[in-house]
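Student: Hey, I've just opened this one and don't know where to look. Can you walk me through it?
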Amino acid sequence: MKKIQNVWLTINRNCNLRCKWCYAKGKKFDYRFSMDINLAKNIVEFFKELGIEEVALIGGEPTCYHELENLIQYIKNKNMKVCLITNGILFSDPRYLSKLEKLGVDDINFSIKGWSRESYKNNTGVDSYNQMLEALKNLSKSKINTMASFVISDENCEKITDVIELVTSCGIDNFFFSFENDFSVLDGIEKTYDVKTLMKIVKSFENQYSKIDELTKGNFTLHQTLPLCAWNEEIINKMRKQDQIQTSCMLLQRTGLVFDTDGSLIPCNSIHQVKLGTFNKDFKDSETFYQYWESDSMMKIYNKLCALPDDICSKCKDDTVCGGGCLSNWYHFNFNELLDSNAIHPNDKIDKN
Ligand SMILES: C[S@@+](CC[C@H](N)C(=O)[O-])C[C@H]1O[C@@H](n2cnc3c(N)ncnc32)[C@H](O)[C@@H]1O
């Protein structure tokens, strides 16, 4: 059994932005989905028992949570670190930043939603581009370790270097890139992300790789979510060598826990529609948790969630680091479509020994 390494508490679903591609849209940003503070503290206590070092607070928008300061204080008193995953715009107010800095927030994962006033408004529905820039500048002068995260999509894949230049000019030089995923079918919305679009994004990243590497001085991580055989191997090897690529995730590795606002355990931040169990009902401490986590029913669910997309993947030398990619892909196309479009070449990666 692998150790649980990363934990996320979804403390609310309310948000001050309305990102059109947000995976949480299905919850309608409803302010009534808000974690009871006592439940949040009990889950933090449980994290402490598990030996967790850092708790990530996510939403919705965590800075809109009415008990945020109380909760941060509680986590810090337990000698754990706090990370906020945030759109950051409230940090444009230096007094607010100073308050959270004094409470001891350790890390901020700051989501960048635009590279211009127009793109920001188009993405989020809110005219807060200038606030984003102010917030980044304020954070660059603070003690909080800030990383800029950017979700790459069909619409913005040519803008990665613009984003880096913009963020760097505000004093932040640490980057995390990921790909847009789409689980909206679980909310009853029929939408298709086709193979051609995905491959366009991959090729665009590959073409920009040298410039991205240069502008960030190598200081970035790409969390890629396709089968690794979709990539140019040379680029992947370069990124691996410089520790710039995450090829799997906490769901496929079974090393993370995400709790939703009502205390339910969900498989991933993006899959809030699937409930694995509930805190205080199915488990309440480390002992009852491990019984639950290792139960046959949970194993069955994970075996299904983590199934490789094709038999050929089990013969691949990259199987353990790739896992076949993110589950969201298979809601849009199947492995054969990737093969037929010549987007992947799994035969090149078969372990011949
Ligand atoms: C849902 S947001 C919640 C926290 C906060 N409001 C924020 O903007 O960071 C968490 C992270 O997930 C990313 N995200 C949202 N929808 C996504 C999607 N469909 N695919 C990939 N990442 C997504 C956001 O950009 C953000 O970095």
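Tutor: Sure. Keep in mind that this is a predicted model. Let's begin with the largest nonpolar core, which has 87 residues.

Student: Which residues have the most contacts inside that core?
Tutor: Those are Leu 9, Val 55, Leu 57 and Leu 139.

Student: And which helix gives the largest share of this core?
Tutor: Helix H7, residues 195-215, with six residues.

Student: Back to Leu 9, what does it touch?
Tutor: Leaving out residues up to four places away in sequence, Leu 9 touches Met 35, Ala 40, Ile 43, Val 55, Leu 57, Ile 58 and Phe 259.

Student: Why would there be a nonpolar core at all?
Tutor: Because nonpolar side chains tend to be buried together in soluble globular proteins.

Student: OK, new topic. How many residues surround the ligand?
Tutor: There are 18, and the closest are Tyr 23, Glu 61, Asn 87, Ser 111 and Glu 180. Strand E3 (81-86) and strand E5 (145-152) are the elements that give two or more residues to that shell.

Student: What's the shell like by class?
Tutor: Eight nonpolar, seven polar and three charged residues.

Student: Zooming out, how many helices and strands does the chain have?
Tutor: The protein chain has 13 helices and eleven strands.

Student: What about its radius of gyration?
Tutor: The chain has 20 Å, which agrees with a compact globule, because one with 353 residues would have a radius near 20 Å. Its C-alpha atoms fill a box of roughly 55 × 50 × 40 Å along the principal axes.

Student: And how much counts as buried?
Tutor: 40% of the 353 residues.

Key: Residues are numbered from 1 along each chain as its sequence is written. This is a predicted model: local features need pLDDT of at least 70, side-chain atom pairs count only at pLDDT 80 or more; totals for chains, interfaces and linings use all residues. A residue is near a molecule or strand if its C-beta atom, placed from the backbone, lies within 6 Å of it. Helices (H or I, at least four residues) and strands (E, at least two) are DSSP runs, numbered from the N terminus. Ala, Val, Leu, Ile, Met, Phe, Trp, Tyr, Cys and Pro count as nonpolar, Asp, Glu, Lys and Arg as charged, and the others, Gly among them, as polar. The radius of gyration is taken over C-alpha atoms; the globule rule is 2.2 Å times the number of residues to the power 0.38. A residue is buried if 20 or more other C-beta atoms lie within 10 Å of its own, exposed if 12 or fewer, and partly exposed in between; C-beta atoms are placed from the backbone. A nonpolar core is a set of buried Ala, Val, Leu, Ile, Met, Phe, Trp, Tyr and Cys residues joined through C-beta atoms within 7 Å. Two residues are in contact if their C-beta atoms, placed from the backbone, lie within 7 Å.
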